[in-house]
Amino acid sequence: MAGRINDEDVKAVRDAVPIDAVVSEYLQLRNAGGGNLKGLCPFHDEKSPSFQVSPSKGFFHCFGCQEGGDTITFVMKIDHLSFSEAVERLAGQAGITLRYEEGGYNPSHQRGERIRLVEAHKIAAEWYAEQLATSPEADTGRVFLAERGFDQAAAVHFGVGYSPQGWDHLTRFLRGKGFTDKEILLSGLAQEGRRGPIDRFRGRLMWPIRDIGGEVVGFGARKLYEADNGPKYLNTPDTAIYRKSQVLYGIDLAKKDIAKSSRAVVVEGYTDVMACHLAGVTTAIATCGTAFGGDHIKILRRLLMDNGSARVIFTFDGDAAGQKAALRAFEDDQKFAAETYIAIAPDGMDPCDLRLAKGDEAVADLVEPRTPLFEFALRQIVARYDLDTPAGRAAALDEAAPIVARIKNSGAQHEVAVQLAGMLGILDTQFVVKRVAQLARWARDRGGKGPAPDRHQASQQYASAQPSAAPRGPALNLRNPVYATERELLKLALQRPELVSPAFDAYGADEFTAPPYAAVRLAIQDAGGAELGVADPQDYLVKVREAAPDDAVRAMVTELAVEAIMLRRAVDEPYAGAQLVTVRRRAVERRIRDITGQLTRLGTQGDPAQLAAVQNELWVLQQYDQTLREHGAAAL
């Protein structure tokens, strides 16, 4: 691993590259007086310029959003680079050779080599683009692009080029630019032939692949001729500057809009990225000959800044391969802080074909979030089973429950488990919640090691499932009003049981959406209920703690028993009744949503008797909800 960059070299880089020259690459600057320059801030939206640059001091500052720093800071923030990446970029521009410290390791040779490989790719990209624009042979490539709705301006914008069919055209050109055969081979632009290096890419349409900083590090090449026996798409092999699992096509063009909008659209191919950008979806990116994975997620997270409101939309073909790709993407879903969605055109067209057939608006409409990725993944699993039989529902649960158990947020995990129960048509939602919680607990306690629980445990227990305590899990966000109300009701049940008894003892654990709170509810139930707190207040809390299944639940009981109730005035029955009603109404509303979904699944083809029973349950719940709304705690 490279050591720390020498401090003197960092200072030399900072002094060598004028800050106004760097900033001017990203925004227009004009005189602000006093030797300073000003412009519209690139880090937040504004109508009048509050972003100022001081060339004499080498600093910038925005009086609107308070961002500021030196040249290195600006490059780090604007291009989302690490400190060392920013210094290395600026050093390359200034022609400064960096020295590295720590442990005596000095990768100056490797760094010099990297600069040469990047330069070779830059020259190659320009040469390929020139071939596409001027060479008669490249007419096949120009026709290919035109048939897909891309004109010359589009080709120039994305840097698309053409590699001639000869054996060593590019190799000879790079030699003429001073590159050695070793450098050309190391770059991946050539490969060993019988008589020396030959071009890797021949007779293909070429897409330059750039890193997040905009440097060309590789190519994606599309076959154009039937005589070409190679694969349809051929990518640069892994080199010192290119790892296909660590690059995203189009990221250099999309990064600013991804960061600004907190949204990214992941498509499957180079032409899909082009189609999206030309249709106004400028946050589109694609992988380069590999499945979307963990390293790609790291790139996007740097742009999305782990914003809780961020969205990542995946577009995949509607065929089996596309569905498989979506399920692979879902496997990494929990590495995002963003919400993930999937978009599939009704007729299965990709964005490029969709733009040709229906225009730019259809592409923009396609990538509007509709179906959460987890829902799509679960429905793909559930669809493989016969849900009209108990065995089919249980088998579907066996496959789907481990997926839900991987959801890290305990509240979201519980909600998705309830949704899964609705998809499966399992009326006992608590059974599904319990199964998911068991799997999540196993994964957390064993760190994914050791024998897994019996895969068919759900099938074996389906007929006799009973609720059990859920793990405490990560800290709960009490800004969530659902969690806040549930917590308040449990505090009342532990501290002032006389205000909520006997109504509280009729509440099921599944009425508490947060697994830690469901676990506390079960502990109160096992201890004798809130009614015991009225009859024997001295031993009540002791017995509830003893009934807790583990230390985590015991700690939660203690926490809730001593935490202040969130009411500035004296706690009274109307306040307690309001908490009881709110928790119950939310549970009723969730059940109404589940049954509505079940009716949708049954449709008009379902068994008439089953449809009638479900419709009747829905009517009863709707009437109960109306009664709670009108009469409050008196209806409990």
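I take a strand to be a DSSP run of E of at least two residues, numbered from the N terminus, and with that in hand I looked up A284, which is found in strand β13, residues 284–286. The model I am reading is a predicted one.

**Entry on A284.** I asked whether A284 is buried or exposed. Its relative accessibility is 0%, and therefore A284 counts as buried. Setting aside neighbours within four places in sequence, I found A284 in contact with G250, A254, V265, V273, C276 and H277. I also looked up the separation of A284 from I313, which is 29 residues away along the chain, and the C-alpha atoms of the two are 9.2 Å apart.

**Entry on the whole chain.** I noted 27 helices and 16 strands in the secondary structure of the chain. The chain has 636 residues, of which 48% count as buried. Taking the contacts between residues at least 6 apart in sequence, I read that 66% of them join residues at least 24 apart.

**Entry on T315.** I turned next to strand β14, residues 311–315, where T315 is found. T315 counts as buried because its relative accessibility is 3%, and the cut-off for buried is under 20%. Which residues does T315 touch, leaving aside its neighbours within four places in sequence? I listed V265, V266, V267, E268, A343, P351 and V367 as its contacts. V265 is thus a residue that I have now met twice, in contact with A284 and in contact with T315.

**Entry on S262.** I found S262 in the loop between α10 (251–261) and β12 (263–267). Most residues other than glycine have a negative phi. S262, although not a glycine, has a positive phi of about 55 degrees. With a relative accessibility of 12%, S262 counts as buried.

**Entry on P502.** I looked up the peptide bond from S501 to P502 and found that this bond is cis, with omega near 5 degrees. Most peptide bonds, by contrast, are trans. The place of P502 is in the loop that runs between α21 (481–495) and α22 (515–527).

**Entry on A576.** I located A576 in helix α26, which covers residues 573–602. A576 counts as buried because its relative accessibility is 0%. When I left aside the neighbours within four places in sequence, the contacts of A576 were L492, L499 and V500. The C-alpha atoms of A576 and E498 are separated by 9.8 Å, although the two residues are 78 apart along the chain.

**Entry on α24 and α25.** Two packed helices are described by the angle between their axes and the distance between the axes. For helix α24 (residues 537–547) and helix α25 (residues 551–562), I noted that the axes come within 8 Å and cross at roughly 155 degrees. The angle is over 145 degrees, so α24 is roughly antiparallel to α25. I recorded the crossing of these helices as right-handed. On the α24 side, L541, V544 and R545 meet R554, V557, T558 and A561 of α25. I sorted the residues of this contact into 4 nonpolar, 1 polar and 2 charged.

**Entry on residues 41–65.** I ended with a UniProt annotation from an unreviewed entry, which gives residues 41–65 as "zinc finger region: CHC2-type". In the model, the end C-alpha atoms of residues 41–65 lie 8 Å apart, and the span is 0% helix and 32% strand.

Technical notes
Residues numbered from 1 in each chain as written. Predicted model: local features only at pLDDT ≥ 70, side-chain atom pairs only at ≥ 80, totals over all residues. Heavy atoms only, no water. Axes fitted to C-alpha atoms, helices over the stretch in contact; angles between N-to-C directions. Helix = DSSP H or I, 4+ residues; strand = E, 2+ residues; numbered from the N terminus. Parallel < 35°, antiparallel > 145°, perpendicular 65-115°, else oblique. Left-handed = near helix turned anticlockwise from the far one by under 90°. Contact = heavy atoms within 4.5 Å. Nonpolar A, V, L, I, M, F, W, Y, C, P; charged D, E, K, R; others polar. UniProt positions renumbered as here; feature names shortened; annotations may be inferred. Buried < 20%, exposed > 50% of the residue type's maximum accessible area, 1.4 Å probe, protein only.
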